[in-house]
Structure formats: C-alpha cells, structure tokens
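Let us go through the contacts between domains and the pairing of charged side chains, one question at a time.

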Amino acid sequence: MVRNPKGMRDILPPETLKWRRLEILLSKVALLYGYGEIRTPILEFSDLFRKGLGDQSDVALKEMYEFVDKNDDVLALRPEGTAPVARAFIQHHLYDSPMVKLFYDGPMFRRERPQAGRYRQFHQFGVECFGIEEPFVDVEILLLVKRIFSLLGSPLTLHINSLGCNECRPRYMDALRRFIADRIPEDEELDRFMKNPLKLFDSKNPEHSIVKSEAPKITSFLCDDCKEHYETLMDFASKLNLDLVEDNELARGFDYYTRTVFEGYVGDDSLAVIGGGRYDHLVAYYGGPDIPGIGFAIGLERLLTTLDEIPKVDSEPTKTYFLATTGNDMVMAAFTLAELLRSNNIGVIMDLRQGKLQKQLKLADKMEIENVLIMGEEEYKNNTVTVRNMKTGEQMVIPQEAVING
Ligand code: AMP
C-alpha cells in the first residue's frame, strides 16, 4: 500500500478551508503593518543553516534533511525561515532601503521525533524587519502579534527576555558556565552546557530545575545600551497593554539571536505557538552589511489546534498611510493612532528609527507612499493629524476621526 512519510501529513477539506482563512488573516495583518510577502526556495545550501543557526542547535546538527546534489552541492530542506530571508535580503541588495519588512508563509522541515505538536513537515508564518536598531520595531512587532491573536480570539501569553549583545552576552555566558560547572556533575550533558550554557534553560531533566532557578540571570549582566533597549521596550509595552511576562530563562534555540527574544503560548499548553527575536548581526555574519533584524515565526499546525472557528477576512487594507512624527515624544501617540487605523482596516507604515521629520519623509518618498500623516504636539493635543500629499506637497490639518473613518 502507498502511504506518506512519517511526520508529514495530507491536509484535506474541510480542514483546508481553515488553513486558507488563517493564512489570509495572517497576511492581512502583515499588510496592515507594511510588510510585503517574500517567497524563497524550499531548498537552500545546507551551510546557510549550519552557520546561521549554530552547530550546537539541534536543528542544524541533527534534524536537517540534507542531501548531496548531483553536482556535489550539499542542499537542505529549509528548517526555518529567517536564514533564507536574510540570504535573500543580502543577495538582492534590499539593504539599499533603511527599513525592509517582509513576511513569509510556507512549509518547513525538521526530522524530529514525531509526537503531539511536532511534525517533520510543518508550516510557519513569519515576519522579518531589517534595518532598525531602535526598540520601536520590537514594540510594533509585538503589537502585530497581539493583533493576530486578538483577531483569532485566542488568548496568547507572551514571554520576553533579553539575551544581550556581543559585548555583554559573553560575560553572562562565562558566569553561567562557571555556575553550571560547580553544580552539575561531569557527564555528556555538562559537555553540552559548556559549549552553550543557555541550553541549561531548555533542559527537561528534573534534577536541573533547582540549578536553573538559582542560575545567574542575564538581566543583571546587560550592558547600558542593552538595558536601555529592554527598558524602553518594556515601558512602551506596558503603556500599550501588551501584557508581557518577563522570563529570564527564555533562551531560544538558535545562535543568531541577540537582545529581545520572545515566545508565546496559548492556554496552558507548554509548547510554544510562536517564537522570535532580534538577530542584529546575522546579516553581517552572512557577509552582508552589519544591519540589525527582528522577526518571529508562528507554527500553523500548533496554532490551528487551539482554534475552533476562524473569522472570514477581506484580504487587503483599504488604504495605506505612512505615519510620521515630529520626534520621539510623539511615538506613543503615533502608535496609538496607528493601532486605531489598523483596527479600521487601514494600513500604517512608520519609520521605526524615528529621528527627524525630514528623514522620515525621505523614507516615505523612497517607499513611494503618497499619503503621509504627521503627528506633532499640536495635532496630538487637538486630536487632529496633518495629512500631506507627497506628490504635490499639499498639507492639511484634519480631525483624526476623519482619517479613521476613511
Ligand atoms: P522555531 O523556528 O523553532 O523558533 O519555532 C517557531 C514555531 O514553529 C514554534 O513555536 C512552533 O509553533 C513551530 N514549530 C517548530 N517546530 C515544529 C515542529 N516540528 N512541528 C510543528 N510546529 C513546529
């Protein structure tokens, strides 16, 4: 009898209708935040993942489907989406623009032991934003995540942590290594922890639970810049009701992560439905310019098991604005207006570097967005906003209400 390979499955109607609706909803939210779709090949050179994910990561080491092509190239079925998107970002010189927002949706492959919530072919929807160092992009990505789960009516608990940068993380790793060496007997596991001490936090061994809870915490090792990044993010998150759970044991599996990392759970399921974070040096590591990035991936199989009904959605925003501000003091007001607009099916793109208004308008020009909104102090006070047509240079102050109502 014929049958499909282990850990891979057919998706049949009526389940496929749920998939289609879910994928439309996800891409719609990505469009509302100014993300454009990217489609990369299913096959990549295996080294892309071995290098980027780190040789210590299970995915790179054990779980990849790899084969040698007829001309001796070692290829791999992609196990995740960030590395291919970073590769495409470099290859197509997308870094000519100061802010690049991409989303993807497709099958990934990991040769895991099949069990509940773990498949060998599974699907991820993910977004990646390149070019922005400021924590405003972290905030906006978390708003996007929150919008997805609120549209789905699915309560998401988001855990967050900072892994520091190349300056402060090594100091933390050394301290953690010394702590582990004192507390865990010599064996194979100790070897693994010595190579990557953050693996301690993924350990399911009950004997390690006290060690984990007593281990030094990354937050006390962050350098001033990382601390400021994290604190600004947490400050905005609390004002925007993002409800984040600070989790100093959150490490994530791949080597490329820096600073902000997060994972989300639905209900009391211990398997994450979403994982993501910053990868500020991945592009440089692959030979591109040193451009920061941040993104996440949602596991669609896992997400679907948490959902009964999926609401039907129209697939595109009615209109997209570029929303500029007169400075950092106006960012919170801009986020609030942007969220209102998105709730009314209107797309919004902001220059997440912020900085001078002129610089922001230049980005709007570069992105060829004609309709710009400007949020300044006067506008904020009066519940108005300036509308500027980039083609004609004409400007007008109008009530925010008028923009929200289209
Ligand atoms: P990761 O790329 O490992 O950070 O995973 C991101 C998300 O993809 C996870 O939170 C899961 O929802 C999903 N995922 C990862 N591995 C699998 C798998 N083997 N089967 C199904 N979903 C997975």
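Buried area is the accessible area, taken with a 1.4 Å probe, that two parts lose on being put together, summed over both. The model discussed here is predicted.

Q: What are the residue bounds of domain 2 in the domain assignment of the chain?
A: The assignment gives domain 1 as 15-166 + 222-304 and domain 3 as 319-404. The C-alpha centres of domain 1 and domain 2 lie 25 Å apart, and the bounds given for domain 2 are 169-219.

Q: What is the area buried between domain 1 and domain 2?
A: The contact draws 17 residues from domain 1 and 13 residues from domain 2. Carbon and sulfur atoms give 50% of the area buried there, and the total, summed over both parts, is about 1,400 Å².

Q: Which three residues supply 40% of the area that domain 1 buries against domain 2?
A: By class, the side of domain 1 that touches domain 2 has seven nonpolar, eight polar and two charged residues. The three residues in question supply more of the area than any other three, and they are Gln56, Asn248 and Glu249.

Q: How many salt bridges are counted between domain 1 and domain 2?
A: Across this interface, four residue pairs are found in polar contact, and the search of the whole structure finds 20 salt bridges. Between domain 1 and domain 2, however, the count of salt bridges is zero.

Q: Are Asp138 and Arg278, whose side chains meet in a salt bridge, buried or exposed?
A: Asp138 lies in helix 5 (residues 136-151) and Arg278 in strand 10 (residues 274-278), so the pair ties together parts that are 140 residues apart in sequence. The separation from N to O is 2.8 Å. Since buried means under 20% relative accessible area, Asp138 at 1% and Arg278 at 0% both count as buried.

Q: Which residue of the salt bridge between Arg118 and Glu112 is buried?
A: The two side chains meet at 3.2 Å, N to O. Arg118, at 25% relative accessibility, counts as partly exposed, whereas a relative accessible area of 12% falls under the 20% limit, and the residue with that value is Glu112.

Q: How far apart are the closest N and O atoms in the salt bridge of Arg50 with Glu66?
A: Arg50 belongs to helix 2 (residues 46-53) and Glu66 to strand 3 (residues 66-68), with their positions 16 residues apart in the chain. Arg50 is partly exposed at 24%, as is Glu66 at 34%, and the closest N and O atoms are 3.0 Å apart.

Methods: Residues are numbered from 1 along each chain as its sequence is written. This is a predicted model: local features need pLDDT of at least 70, side-chain atom pairs count only at pLDDT 80 or more; totals for chains, interfaces and linings use all residues. Side-chain values use heavy atoms; hydrogens and water are left out. Domain bounds come from an automatic or database domain assignment. Contact means heavy atoms within 4.5 Å. A salt bridge is a side-chain nitrogen of Lys or Arg within 4 Å of a carboxyl oxygen of Asp or Glu. A polar contact is a pair of N or O atoms within 3.5 Å; within protein, one must be able to donate a hydrogen and the other to accept it, and residues adjacent in sequence count only if both atoms are side-chain atoms. Ala, Val, Leu, Ile, Met, Phe, Trp, Tyr, Cys and Pro count as nonpolar, Asp, Glu, Lys and Arg as charged, and the others, Gly among them, as polar. Helices (H or I, at least four residues) and strands (E, at least two) are DSSP runs, numbered from the N terminus. Buried means under 20% relative accessible area, exposed over 50%, partly exposed in between (1.4 Å probe, protein chains only).
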